[in-house]
Amino acid sequence: MATVEQADAGPDEESLKIVYDATCTFCGCVCDDIDLTVKGHQIVKAKRACVLGNSWFLNHNIEDRPACLIGGKPAAVEEGIQRAAQILFDAKYPLIYGLSDTTTESQRVAVGIADWIGANIDTTTSVCHGPSGMAFQGVGEVTCSLGEVRNRGDLIIFWGSNPAESHPRHFTKYSLMPKGMFVPNGRKDRTCVVVDVRKTKSAKAADLFIQIKPRCDFEALWTLRALCKGIELDPQVVEEKTGQPLSLWQDLMNTMKAAKFGVIFFGMGLTMTRGKHANSEALLTLTRDMNQHTRFVCKPNRGHGNVTGADNVVSWQTGYPFGVNLSRGYPRFNPGEYTSSDVLARGEADAAMIIASDPMANFSQPAREHLARIPYVALDPKETPTTRAAEVAFTVATYGINVPGTVYRMDDVPIPLRPAFDSPFPSDLEILKGIERRVKELGRG
Amino acid sequence: MAETFIMIPGRTSKQGCGISEGKFGETYQSETTVLQVAPQDMERLGLREGDRVRVTSEDGQIEIDIKPSKGDELPPGLLFMAYGDLSSRLMGGDTHGSGMPTSKGFDVELERLD
């Protein structure tokens with residue numbers, strides 16, 4: 001089947017275009033089976049998209065805004081590129097941050113700019129699964145692709161993750177409902193367990209919901225680690241620490257050992273709560289332990305469309321996934337020191353470039369207050385609190401809707417984008433290449 | 001009188017749709033500026049939907065309207081709100097060496113504003 005075809009239209013109607021198998025880049029599921037009906041500069045239908053994907057596709061039309069603002073006033077794009085490059089080049093401690101909602105092609109240019117100017121580069125990973133990234137380095141990750149989950153997973157555990165709200169097609173496309181090679185009856189062949197402090201929408205899809213005490217994920221995971229190894233535990237202490245009786249944890253462990261292919265998807269319920277990387281590490285280690293009994297894997301449920309790509313690109317270019325400082329001419333990695341929340345909250349960065357993210361809405365107050373004090377450049381298809389306060393703001397074309405390229409699904413599988421219509425706005429890639437060219441010129445004097 | 005709760009900011013599908021519609025639009029603004037309280041806590045404290053409360057964490061303070069959480073989604077003692085400007089105002093700058101501020105499961109004081 002052709003990727004794009006013109007649909008029949010009446011004599012008075014603007015012609016419709018159908019884009020088959022378009023890729024949704026709203027969340028980490030990166031569904032690449034969406035059929036888009038496009039009318040001019042507007043997507044009017046997104047077949048098979050979830051509620052989030054539908055909103056993503058139908059609301060990214062061409063807005064009537066300047067392509068570039070300098071100090072809040074409309075300016076030529078080339079002038080914006082010159083100004084942006086100068087801000088970054090003149091800085092003593094420039095920060096480049098964001099990158100999770102743009103193509104891998106743009107991400108690699110952003111890392112290049114960081115290298116040229118000796119910047120600190122960080123991605124939104126540091127405030128979602130950064131702690132998991134630290135845990136991966138500590139204990140490793142027993143993992144698999146979502147295709148394996150679909151075809152093999154007979155026990156699916158969601159821990160501190162609520163895909164019914166954040167990844168609405170997760171259940172139907174990958175983890176619960178599909179009929180797979182070794183789970184031919186789909187949902188009937190799978191057991192689903194949800195562990196959370198709230199009885200979320202996802203809990204309603206579970207065969208077993210375990211409501212744990214807030215801030216006790218670490219204790220609950222270590223209870224399971226002990227049971228996995230057959231260590232005797234005091235029932236009173238377990239119930240006091242986890243909020244659930246030892247017998248329930250023992251039943252869960254029995255179910256886990258009886259599974260043929262167990263999967264744990266985990267979310268920010270683990271990484272954002274007290275314990276952070278220690279929580280992720282406990283879950284990764286439990287997964288490793290389980291492989292003494294049966295096949296078990298785990299995966300973080302990643303949020304943004306190409307946050308996994310950001311991890312990959314920053315890793316392949318610097319050796320580290322996020323929180324990388326290049327000021328000495330070689331990469332240094334240290335979460336807590338070179339991560340953006342810290343660099344801003346401590347008042348260290350004296351200029352910044354924010355690509356496809358919104359720290360002015362999502363960061364802590366001290367970090368936001370410092371960002372508002374320094375000159376920074378922002379690239380985003382939409383107007384956000386971050387673009388509003390930027391010294392130089394570029395309105396860019398939307399990746400996946402206007403811009404081709406590659407994104408990485410949450411299981412590290414690269415997927416091509418199939419754009420629906422052209423945008424009059426430049427892409428992130430064009431702006432970043434322009435800034436890279438200019439900082440190189442400035443560097444040569 | 002102020003009472004201590006545990007705050008769990010998080011993602012909702014309505015907040016996600018609001019991001020695509022635009023952060024200054026009605027969907028995002030309405031979803032990120034309301035605090036969900038367990039019905040049992042609302043009854044116990046004599047709170048009604050639409051009441052305004054002050055929420056104070058170790059690092060910040062906000063004023064926000066409340067609504068009851070759906071069914072038994074939220075156990076008593078926990079509060080929920082969608083990620084956004086207001087939830088970020090309650091977070092501190094310290095990441096304890098992890099890069100991640102404590103963004104879920106932190107203590108807050110809740111008091112009714114008359």
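User: Happy to dig in here! At roughly what angle do the axes of helix α8 and helix α10 of chain A cross, and is α8(A) parallel, perpendicular or oblique to α10(A)?

Analyst: Good place to start, keeping in mind that this is a predicted model. Helix α8 (residues 217-228) and helix α10 (residues 246-258) of chain A have axes that come within 10 Å and cross at roughly 60°. Angles from 65 to 115 degrees would count as roughly perpendicular and those under 35 degrees as roughly parallel. The crossing therefore makes α8(A), relative to α10(A), oblique.

User: Which residues of α10(A) does α8(A) meet, and how many charged residues does the contact have?

Analyst: From α8(A), the residues involved are Thr223(A), Leu224(A), Leu227(A) and Cys228(A), and they meet Trp249(A), Gln250(A) and Met253(A) in α10(A). Sorted by class, this contact has five nonpolar and two polar residues, and the number of charged residues is zero: there are no charged residues.

User: Moving on to the open sheet in chain A, which are its edge strands?

Analyst: Nine strands of chain A make up this open sheet, with mixed pairing, in the order β6-β5-β18-β17-β16-β7-β8-β14-β15. An edge strand here pairs on one side only, and that holds for β6 (73-74) and β15 (332-333) of chain A. The edge strands are thus named by the two ends of the order, β6 and β15.

User: Which helix packs on that sheet, touching β7, β8 and β16 of chain A?

Analyst: The strands touched are β7 (94-98), β8 (120-123) and β16 (351-355) of chain A. The helix spans residues 104-117, and its direction makes about 170° with that of β7(A). Its name is α3 of chain A.

User: What is the bridge partner of Val377(A) in β18(A)?

Analyst: Strand β17 (residues 376-380) and strand β18 (residues 392-395) of chain A run parallel and are joined by four bridges. Within this pairing, the partner of Val377(A) is Val392(A).

User: Which residue takes a positive phi in the hairpin of β3(A) and β4(A)?

Analyst: Strands β3 (residues 34-39) and β4 (residues 42-47) of chain A run antiparallel, with five bridges between them. Leu36(A) stands opposite Ala46(A) in β4(A). Two residues lie between the strands, and the one with a positive phi near 60° is Gly40(A).

User: And what radius of gyration does chain B have?

Analyst: Chain B contains four helices and six strands, and its C-alpha trace spans about 35 × 35 × 25 Å along the principal axes. A compact globule of 114 residues would have a radius of gyration near 13 Å, which agrees with the value for chain B, 14 Å.

Technical notes
Residues numbered from 1 in each chain as written. Chains lettered and ligands numbered in written order. Predicted model: local features only at pLDDT ≥ 70, side-chain atom pairs only at ≥ 80, totals over all residues. Pairing = 2+ DSSP bridges. Contact = placed C-beta atoms within 7 Å. Axes fitted to C-alpha atoms, helices over the stretch in contact; angles between N-to-C directions. Parallel < 35°, antiparallel > 145°, perpendicular 65-115°, else oblique. Nonpolar A, V, L, I, M, F, W, Y, C, P; charged D, E, K, R; others polar. Rg over C-alpha atoms; globule rule 2.2 N^0.38 Å.
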